[in-house]
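Trainee: I have the sequence and the model open. Could you take me closely through the metal site, and start from a landmark elsewhere in the chain so that I can get my bearings?

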Amino acid sequence: MKSVTVICIGDVFGEPGRRALFAILPRLRAELDADLVIVNVENAAAGFGVTPTLARGFLDGGVDVMTSGNHIWDRKEIIEYIVKENLLLRPANYPTGAPGVGSVVVKAGTYQVGVLNVQGRVFLPSIDCPFVRADEEVARMRAATPLIVVDMHAEATSEKQAMGWYLDGRVSAVVGTHSHVQTADERILPGGTAYVTDLGLTGPIDSVIGVEKELAIQRFLTGMPNRFEPAKGRARLQGVVIRIDPETGRASGIQRLQRDLPA
Ligand SMILES: [Fe+2]
Ligand SMILES: [Fe+2]
């Protein structure tokens with residue numbers, strides 16, 4: 001039986017990230033014969049949040065589900081959009097009352113796949129517990145499908161690893177986002193959950209996690225706030241491709257992706 005193939009793409013940062021995504025994704029999708037493409041878009045609008053126009057552009061451009069994180073609220077106009085479009089997720093563990101949803105079940109070929117977005121609490125705002133919320137959301141989605149992919153948006157590698165182990169055997173994959181640096185620890189955990197600590201960055205290569213390097217250096221040198229802008233120039237796409245057994249929901253493969261946009 002053919003496996004279900006899911007591409008997960010790391011945080012799209014500003015115009016260089018969008019340029020890399022739109023240039024590379026169509027070919028990548030065809031080459032890998034992907035059934036589902038999940039992209040973290042929390043930095044799509046010049047590094048800070050995402051706008052309704054950009055979000056619509058992603059859905060038109062081959063993205064199936066958008067995840068996010070702590071930057072989701074940076075552009076106020078997204079609130080009106082997120083309450084109507086459940087293909088743009090915000091972390092599920094924001095307290096009750098936050099607009100939007102943190103999970104969705106979508107069609108991927110002839111199968112259903114659940115996508116869940118949660119956010120860590122180490123070095124990030126202290127919202128509700130991501131582990132408890134993941135329990136609830138995973139239990140609910142497993143009633144519909146054993147194919148579930150989790151975007152764990154967190155700063156601490158330990159918190160992301162803990163989530164991977166916590167959900168091992170209950171979901172198909174746990175992929176980390178937020179650090180904008182791809183980790184080389186992709187593996188299948190014993191229970192059949194594909195795991196990677198961070199998908200990496202889809203954005204400008206010559207940058208400090210997407211930001212113009214001179215601005216980032218200046219902030220470190222002076223300790224003073226300054227206005228961050230996306231770096232310009234060469235761009236790259238990073239993420240993983242995951243193969244999942246559609247009957248059991250167990251992952252059979254996870255591979256890192258890194259594609260540079262030719263200058
Ligand atoms: Fe990010
Ligand atoms: Fe983030």
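Mentor: Take Ala 134 as the landmark; it sits in helix 4 (residues 130-142). Keep in mind that this is a predicted model. Is Ala 134 buried or exposed? It is buried, because its relative accessibility is 0%, and the limit for that class is under 20%. Now look across to Tyr 166. The two residues are 32 apart in sequence, and their C-alpha atoms are 9.5 Å apart in space.

Now go to the metals. Start with the iron ion (ligand 1). Its donors are Asp 11 through OD, Glu 42 through OE, Asn 43 through OD1 and His 180 through NE2. The distances run from 2.0 to 2.2 Å. Along the chain these donor residues follow the spacing D-x30-E-N-x136-H. Glu and Asn are therefore written side by side in that pattern, because no x stands between E and N.

What is the geometry around the iron ion (ligand 1)? The four donor atoms subtend angles of 86 to 162°, so the arrangement is irregular. The tetrahedral class is excluded because all angles would have to lie between 85 and 135 degrees. Ideal tetrahedral angles are 109.5 degrees.

Turn to the iron ion (ligand 2). Its protein donors are Glu 42 (OE), Asn 70 (OD1), His 153 (NE2) and His 178 (ND1). They lie 2.1 to 2.2 Å from the ion. The sequence spacing is E-x27-N-x82-H-x24-H. Here the donor angles span 87 to 138°, which again makes the arrangement irregular.

Which residue joins the two sites? Glu 42 does: it bridges the iron ion (ligand 1) and the iron ion (ligand 2). The two ions lie 3.6 Å apart. Glu 42 belongs to the loop between strand 2 and helix 2, while His 153 is in strand 6 (residues 148-153). The pair therefore ties together parts that are 111 residues apart in sequence.

How accessible are the donors? Glu 42 is buried, at a relative accessible area of 1%. Asn 43 also counts as buried, at 1% relative accessibility. For His 153 the value is 0%, so it is buried too.

The loop that carries Glu 42 has another point to check. Ala 46 is in the loop between strand 2 and helix 2. Its phi is near 55°, a positive value in a residue other than glycine. Ala 46 is partly exposed, because its relative accessible area is 39%. Compare Phe 123, in the loop between strand 5 and helix 4. Phe 123 has a positive phi of about 60°, and it is not a glycine either. At 72% relative accessibility, Phe 123 counts as exposed.

Next, the packing. The largest nonpolar core has 34 residues. Ile 7, Leu 21, Val 50, Phe 58 and Leu 88 touch the most other members. Among the elements giving two or more residues are strand 1 (4-9), strand 2 (36-40), helix 2 (52-60) and strand 11 (235-244). Helix 1 gives the most, six residues. Strand 2 and helix 2 also flank the loop with Glu 42.

Finally, the empty space. There is one cavity of 30 Å³ or more. The largest cavity holds about 50 Å³ of space. Its lining has 13 residues; nearest its centre are Cys 8, Ile 38, Thr 67, Asp 151 and Val 175. Strand 1, strand 2, strand 5 (111-119) and strand 6 each give two or more residues to this lining. Strand 6 is the strand that holds His 153. By class, the cavity lining has ten nonpolar, two polar and one charged residues.

The largest pocket has a volume of about 360 Å³. It is lined by 18 residues, and His 71, Val 208, Ile 209, Val 211 and Phe 228 are closest to its centre. The pocket lining divides into eight nonpolar, seven polar and three charged residues.

To go back over the site, begin at Glu 42, which bridges the two iron ions.

Technical notes: Residues are numbered from 1 along each chain as its sequence is written. Chains are lettered from A and ligands numbered from 1 in the order in which they are written. This is a predicted model: local features need pLDDT of at least 70, side-chain atom pairs count only at pLDDT 80 or more; totals for chains, interfaces and linings use all residues. Side-chain values use heavy atoms; hydrogens and water are left out. Donors are N, O and S atoms within 2.8 Å of the metal (3.2 Å for Na, K and Ca); water is not among the atoms, so sites may look incomplete. Four donors count as tetrahedral if all angles lie between 85 and 135 degrees; four count as square planar and six as octahedral if opposite donors are over 155 degrees apart and all others between 65 and 115; anything else is irregular. Buried means under 20% relative accessible area, exposed over 50%, partly exposed in between (1.4 Å probe, protein chains only). On a 1 Å grid over the protein atoms alone, a cavity is a set of points where a 1.4 Å probe fits but cannot get out, and a pocket is an open set with protein on both sides within 12 Å along at least five of seven lines; lining residues have an atom within 4 Å of a point. Grid points are joined across faces, edges and corners, and a volume is the space filled by probe spheres set on the points. Ala, Val, Leu, Ile, Met, Phe, Trp, Tyr, Cys and Pro count as nonpolar, Asp, Glu, Lys and Arg as charged, and the others, Gly among them, as polar. A nonpolar core is a set of buried Ala, Val, Leu, Ile, Met, Phe, Trp, Tyr and Cys residues joined through side-chain atoms within 4.5 Å. Helices (H or I, at least four residues) and strands (E, at least two) are DSSP runs, numbered from the N terminus.
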